[in-house]
Amino acid sequence: MTTLRLILGDQLHQDISSLKGCDKENDIIFMCEVWEEATYVQHHKKKIAFLFSAMRHFSRELKEAGFQVRYTQLDDEDNAGSFKGEIERVVKERGIKNIIVTEAGEYRVLQDMQSWGEAFGVDVDIRANDHFLCTHEDFKNWAEDRNELRMEYFYREMRKKYNILLTDEGKPVGGEWNYDSENRKTPKGALDIPDTYHAQTDDITSDVLKLVGAKFKDHFGDLEPFHFAVTRDQALYALDKFVSERLNNFGDYQDAMVQGEPWMYHSHLSFYINCGLLTPMECIEKAQAAYYDKTAPLNAVEGFIRQILGWREYIRGIYWMKMPGYEAENFLDATRKLPSFYWDANTQMNCLKQCVSETKENAYAHHIQRLMVLGNFALIAGLSPEEVNEWFLIVYADAYEWVEMPNVTGMILYADGGVLASKPYASSGAYINKMSDYCKGCKYKVTKKNGPEACPFNYLYWDFIDRNEDKLKGNHRMRMMYSTLKRMGDEKLDAVRADTKRFFNAIDKGDVV
Ligand code: FAD
Ligand code: DLZ
Ligand code: SF4
């Protein structure tokens with residue numbers, strides 16, 4: 001009996017659970033590029049090109065490994081345009097009775113999968129994705145009965161579970177679980193940042209670039225230059241290059257932003273981990289080995305491992321715990337539309353201009369740009385969670401709803417009322433000025449609090465605190481802000497409110513702010 005084994009665009013690893021026990025003689029491995037997936041939001045052109053090229057390369061590797069692969073390209077005449085339509089087509093053509101698939105990363109697609117059995121009269125075996133390091137059940141068990149969920153405690157459990165950076169006595173190596181306080185250096189003088197990985201364009205990628213250029217003209221972002229890794233070998237090379245060249249500085253400059261340096265000392269591995277080309281554990285193990293080999297310091301290695309073993313798994317746990325319904329959360333009742341400069345970078349706020357331009361060019365921005373510039377503005381300006389979620393899902397090549405949504409709804413917008421983060425990550429221009437050199441080249445003055453020349457982050461921050469007093473003043477971590485607000489006096493507060501009003505009026509009129 002022939003079994004159909006479906007592999008989605010973010011499941012590109014030969015060790016994926018849907019391939020376990022595969023009968024190479026009889027079973028069909030099925031992959032499809034479908035219009036619905038490429039357009040349910042208008043993904044960045046580079047993101048589509050990256051996934052299609054990686055999918056095509058992966059299907060070639062599967063064939064070389066002796067699997068029988070059926071692959072539908074986007075422009076194939078009979079392409080049904082959706083996962084469901086494509087599955088129906090193959091099921092009918094081949095008289096399929098069994099489908100095996102690894103569970104989808106996104107709730108939307110999982111729901112679709114769960115309907116196939118009844119719709120097509122077939123047996124659908126949906127298997128767990130064991131590339132993630134915490135199962136849904138383990139996360140639920142950890143989260144149950146806790147008053148507050150905090151990443152730090154989850155992360156310590158994960159360190160113990162996988163015996164990562166632990167002494168023989170089970171204590172954290174170096175004595176501390178977390179070295180974040182060492183990871184906030186501000187760059188002084190020129191940094192010597194190594195080049196990022198540049199993959200060569202082969203025939204497969206070249207075909208995909210032509211296809212995407214023709215079919216997705218209206219989508220956001222620059223298609224070229226394109227230099228993502230698109231095979232496992234290339235992704236492994238990018239990982240090794242990161243560990244040998246950047247990891248030693250990863251910790252020190254983790255929170256730093258420098259104009260003209262979009263990549264800094266970050267790993268740029270999220271694209272590859274999220275689509276399956278790399279496993280999270282191999283990234284963790286290589287970083288850990290660098291510490292024991294004394295080629296990278298503990299603050300860097302622990303910091304990097306925490307992002308993957310801690311944050312990434314915690315974020316995913318929250319997503320599945322809160323879905324469905326997480327997409328509708330709006331604790332602060334934020335309703336403002338996304339300003340057009342999130343698309344065209346046409347703003348005089350230099351920090352936002354730089355971060356949006358780099359996003360458009362690279363389908364990448366590093367964490368602190370996403371959090372403290374793009375996200376912080378969205379929070380303090382009261383932008384609608386629905387619009388902000390859609391933007392973040394569109395613009396980054398590593399974006400899938402399971403990881404994007406908790407970062408946006410929970411981490412930057414506090415729209416879940418504190419499930420993910422203990423307080424809103426709101427800040428004025430002072431933080432951006434401390435951690436970057438953006439303010440030097442800005443029309444606005446970061447030291448000015450009010451008036452047309454003042455940095456908009458300064459008055460928007462206090463307007464945010466003032467506007468949300470009822471909802472936030474009970475949070476003990478916000479106590480200091482509310483006592484400062486109380487001391488501010490009516491005159492200053494009126495100026496904050498007037499500046500905020502002027503700023504939003506200008507945006508609403510279509511002025512460049
Ligand atoms: P590094 O700084 O080198 O970190 C190493 C790895 O840790 C990353 O590759 C990633 O796998 C993991 N990681 C770090 N932080 C997080 C986090 N907060 N959540 C999950 N994983 C994390 N990450 C995505 O993968 N996809 C997204 O769509 C996404 N959207 C985000 C939206 C916002 C508003 C914010 C604040 C963060 C978002 N992140 C997202 C998390 C983080 O910004 C990216 O993972 C990171 O910038 C990717 O670049 P890197 O590989 O160079 O990361
Ligand atoms: C992001 C994406 C895009 C743009 N296109 C496809 C596609 O055509 N075929 C496919 O299998 N996967 C694609 N993906 C990744 C899927 O969106 C991802 O697998 C699901 O969202 C996971 O639930
Ligand atoms: Fe951004 Fe304000 Fe600095 Fe300008 S002055 S770059 S708007 S933080």
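A salt bridge here is a side-chain nitrogen of Lys or Arg within 4 Å of a carboxyl oxygen of Asp or Glu. This is a predicted model, where local features need pLDDT of at least 70, side-chain atom pairs count only at pLDDT 80 or more, and totals for chains, interfaces and linings use all residues. Residues are numbered from 1 along each chain as its sequence is written, chains are lettered from A and ligands numbered from 1 in the order in which they are written, and side-chain values use heavy atoms, leaving out hydrogens and water.

**Exercise 1. Describe how domain 2 and domain 3 meet.**

Step 1: get the parts straight. The protein splits into domain 1 (3-127), domain 2 (136-194 + 246-322) and domain 3 (341-509), with bounds that come from an automatic or database domain assignment. The centres of domain 2 and domain 3, taken over C-alpha atoms, sit 25 Å apart.

Step 2: look at who takes part. Domain 2 puts 31 residues into the contact and domain 3 puts in 32 residues, with contact meaning heavy atoms within 4.5 Å.

Step 3: put an area on it. The size of an interface is often given as the accessible area lost when the parts come together. Here the two domains bury about 2800 Å² between them, with 64% of it on carbon and sulfur atoms; that is accessible area (1.4 Å probe) lost on being put together, summed over both parts. On the domain 2 side, Met257, Gln259 and Tyr319 lose the most area to domain 3, together 27% of what that side buries.

Step 4: check the charges and polar pairs. Zero salt bridges turn up across the interface of domain 2 and domain 3. Instead, look for polar contacts: nine residue pairs make them between these domains, both residues at pLDDT 80 or more. A polar contact is a pair of N or O atoms within 3.5 Å; within protein, one must be able to donate a hydrogen and the other to accept it, and residues adjacent in sequence count only if both atoms are side-chain atoms.

Step 5: find the helices involved. On the side of domain 2 that touches domain 3, α10 (270-275) and α12 (298-322) each supply at least two residues, and α12 gives the most, with eight residues. Helices (H or I, at least four residues) and strands (E, at least two) are DSSP runs, numbered from the N terminus. By class, that side holds 15 nonpolar, eight polar and eight charged residues.

**Exercise 2. Work out what surrounds each of the three ligands.**

Step 1: ligand 1. It has 28 residues around it, the closest being His266, Ser267, His268, Asn274 and Tyr364; a residue counts as near if one of its heavy atoms lies within 4 Å. A polar side-chain atom of Asn274 is 2.8 Å from an oxygen atom of ligand 1. Two nitrogen contacts can be added: Asn407 has a polar side-chain atom 2.9 Å from a nitrogen atom of the ligand, and for Gln307 a side-chain N or O atom is 3.5 Å from a nitrogen atom of ligand 1.

Step 2: ligand 2. Out of 18 residues around it, Gly9, Asp10, Cys32, Val34 and Glu37 come nearest. An N or O atom in the side chain of Asp10 is 2.7 Å from an oxygen atom of ligand 2, while Val34 uses a polar backbone atom, 2.8 Å from a ligand oxygen.

Step 3: ligand 3. The shell includes Cys351, Cys439, Cys442 and Cys455. Its residues come out as 10 nonpolar, one polar and no charged. For these classes, Ala, Val, Leu, Ile, Met, Phe, Trp, Tyr, Cys and Pro count as nonpolar, Asp, Glu, Lys and Arg as charged, and the others, Gly among them, as polar.

**Exercise 3. Say what the salt bridge between Arg56 and Glu33 joins.**

Step 1: the structure holds 37 salt bridges. In the one between Arg56 and Glu33, the closest N and O atoms are 2.6 Å apart.

Step 2: Arg56 lies in helix α2 (residues 45-64) and Glu33 in the loop between β2 (28-32) and α1 (35-39), so the pair ties together parts that are 23 residues apart in sequence.
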